[in-house]
Amino acid sequence: MIKIAPSILSADFARLGEEVDDVVAGGADYVHFDVMDGIFVPNISFGVPVLRSLRRSSSAFMDVRLMIDRPIRYVKAFCDAGADLVNVHVESDTVDQNIFALQTVKAMGRKAGVTLKPGTDAEALMPFLPMADLILVMTVEPGFGGQSFMVDQLEKIRMIRMYLDEINPRCELEVDGGITPETAPLAVEAGADVLVAGSSVFGKNDRAAAIAALRGKY
Ligand code: DX5
């Protein structure tokens, strides 16, 4: 079954705990936690203190994505604060430093993920493929919710699906950016297992119906 990971970047931050409870009650599989530092991406979101607070109020699976420069500096802090999965961008540091970051996450008993920006080729994943628990393909330029889905990324998703089926079949393939009931089937057909969605879930009053609409009947 396709997993749905609502992105809290589109939630009402004044009621964040309730927003998370609402989507979890509505069938969310993961809670997608977008960390932005204003350097790696042109926006600043939230960090360790917010995750720690959410962890105290929710047992949901925290899918923490670091859109920060040199994530090796913070992966341990996010694991300590309650992340179930920590995901770094391949473009955010050298291959060696990012591999060390993922090894650190796994040594703390958490899952490790890697993300590709739209402009980065699938081949940049090769050093990480055998060890990753999740690969995320961005279908918008990272930094903001509410953008349109980039259909030119579908071929890359298909390619990565093939690589994973061959090299690491237990690894999940996540897609993020512009996911709606219209674009979700395209991403799933291309090979996605997990769909991140911000505005198409938190932008709706009935979150359970919004999640069901994304999950569709694949
Ligand atoms: C953007 C974030 C996404 C974003 C998705 O950089 O990584 O998770 O919140 O929002 P929508 O689904 O509205 O494109």
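The following exchange concerns the ligand site and one buried serine of a predicted model.

Local features of this model need pLDDT of at least 70, side-chain atom pairs count only at pLDDT 80 or more, and totals for chains, interfaces and linings use all residues. Residues are numbered from 1 along each chain as its sequence is written, and side-chain values use heavy atoms, with hydrogens and water left out.

Visitor: Which residue has a side-chain N or O atom 2.5 Å from an oxygen atom of the ligand?

Guide: A polar contact is a pair of N or O atoms within 3.5 Å. A polar side-chain atom of Asp34 lies 2.8 Å from a ligand oxygen, and a backbone N or O atom of Gly146 also lies 2.8 Å from a ligand oxygen. The 2.5 Å distance to an oxygen atom of the ligand belongs to a side-chain atom of Ser199.

Visitor: Which element gives the largest share of the shell around the ligand?

Guide: Strands here are DSSP runs (E, at least two residues), numbered from the N terminus. Two or more shell residues come from each of β2 (30–36), β3 (61–67) and β8 (194–197). The largest share, 3 residues, comes from β2.

Visitor: Is Ser92 buried or exposed?

Guide: Ser92 is found in the loop between β4 (85–89) and α4 (95–107), and its side chain reaches the backbone oxygen of His89 at 2.5 Å. Buried means under 20% relative accessible area and exposed over 50%, with partly exposed in between (1.4 Å probe, protein chains only). Because its relative accessible area is 4%, Ser92 is buried.

Definitions and conventions:
A polar contact is a pair of N or O atoms within 3.5 Å; within protein, one must be able to donate a hydrogen and the other to accept it, and residues adjacent in sequence count only if both atoms are side-chain atoms. Helices (H or I, at least four residues) and strands (E, at least two) are DSSP runs, numbered from the N terminus.
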